[in-house]
Amino acid sequence: MKQVAVLTSGGDAPGMNAAIRAVIRCGVAKGWGMYGVRKGYAGLISGNISPMGTRDVGGIIHKGGTILGSARCQEFLTDAGRRKAIRTLRQMGIDTLVVIGGNGSQTGNYELHQLGFPVVGIASTIDNDLCGSEITIGVDTALNIALEAIDRLKVTASSHQRAFLLEVMGRKCGYIALMSGIAGGAEYILIPEVETDPEEVAETLRLAYEHGKAHAIIVVAEGAKYNADALIHFFEKHEDRLGFKIRATILGHVQRGGAPGAFDRLLASRLGNGAIEAIDRGEFGVLVGLNKGKITTTPLEEVVGKTKEISQEMVKLAQILD
Ligand code: F6P
């Protein structure tokens with residue numbers, strides 16, 4: 001009988017609870033012993049691990065965050081920390097680990113795999129920058145939260161002939177900014193992957209004003225060279241020639257705290273089941289993701305140390321539509 005532990009790591013994402021639920025329930029359905037690890041890799045090192053059954057994951061599918069907790073753990077970044085984590089797992093009789101998380105979390109997972117411990121990863125991050133899955137758990141919900149903010153800003157912006165800057169999450173990847181900007185009809189979108197001259201943004205605003213627009217929305221990813229702070233500084237100097245007054249809103253962690261929508265609940269449930277099926281097949285050291293509508297596994301070595309590229313087709317579309 002297999003003994004499988006599951007943890008969530010890195011930034012939480014709406015839908016993580018649905019994934020935990022699916023892992024536990026699908027594992028129980030196979031007759032396996034299932035365990036939950038608290039506070040990510042920190043809990044793995046300290047042994048903060050307990051058995052979990054079907055009822056322990058009841059009433060959580062609709063909740064954001066993660067009932068297991070998450071942490072960024074310095075000790076796990078060391079070889080000694082990782083070996084300690086494996087010792088803890090073995091002492092408890094656990095033979096497989098499932099890690100729900102994004103890039104950093106799957107890198108840690110891969111390190112355990114390289115040390116000989118059987119692992120499986122589940123793709124989860126609001127950034128959608130993880131290779132091996134076209135879309136990750138949490139993205140859709142976070143995107144809808146950003147979109148709601150854009151729609152609301154538009155309403156107030158029109159009343160005051162203002163331009164609004166909305167900064168959304170994404171340190172290295174502009175996915176949320178690009179997709180919410182297109183869906184929200186933004187006048188300009190700034191992302192880390194595309195170099196932007198603030199003069200060009202100013203010119204777009206000026207033209208929008210000349211064409212009689214009542215509002216202008218600029219969506220910027222936190223990791224763009226000109227983020228909200230840098231742009232506001234630039235625009236304040238040039239307000240007279242823009243025609244709009246500028247206000248900035250930084251959405252921050254509001255994006256991560258939402259209740260998962262239907263898409264994320266279903267994706268998380270499918271990926272959770274996919275992880276259990278991969279373990280049942282004896283397939284380890286892989287990331288379970290969604291590609292071309294199907295649940296797939298990709299070796300972790302092809303996933304870690306990379307950032308998924310932004311779609312050039314969507315970048316072009318944004319340029320045409322804004
Ligand atoms: O990885 C998800 C993410 O929300 C990024 O978009 C953001 O840059 C980062 O986490 C913020 O991390 P923290 O919650 O540690 O401030």
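Biologist: Which elements each supply at least two residues of the lining of the second largest pocket?

Modeller: β7 (188-190) and α11 (312-321) do. Helices (H or I, at least four residues) and strands (E, at least two) are DSSP runs numbered from the N terminus. This is a predicted model, in which local features need pLDDT of at least 70 and side-chain atom pairs pLDDT 80 or more, while totals for chains, interfaces and linings use all residues. Residues are numbered from 1 along each chain as its sequence is written, and side-chain values use heavy atoms, without hydrogens and water.

Biologist: What makes a space a pocket and not a cavity?

Modeller: On a 1 Å grid over the protein atoms alone, a cavity is a set of points where a 1.4 Å probe fits but cannot get out, whereas a pocket is an open set with protein on both sides within 12 Å along at least five of seven lines. Lining residues have an atom within 4 Å of a point.

Biologist: How do you know where the ligand sits?

Modeller: The ligand takes up the space of the largest pocket; the test is that more than half of its atoms lie within 2 Å of the grid points.

Biologist: Why is the approach of Glu 222 to the ligand called a polar contact?

Modeller: A polar side-chain atom of Glu 222 lies 2.5 Å from an oxygen atom of the ligand. A polar contact is a pair of N or O atoms within 3.5 Å, so this pair qualifies. The side chain of Asp 127 has an N or O atom 2.6 Å from a ligand oxygen, and for His 253 the value is 2.9 Å.

Key: Polar contact = N/O pair within 3.5 Å; in protein donor to acceptor, adjacent residues only side chain to side chain.
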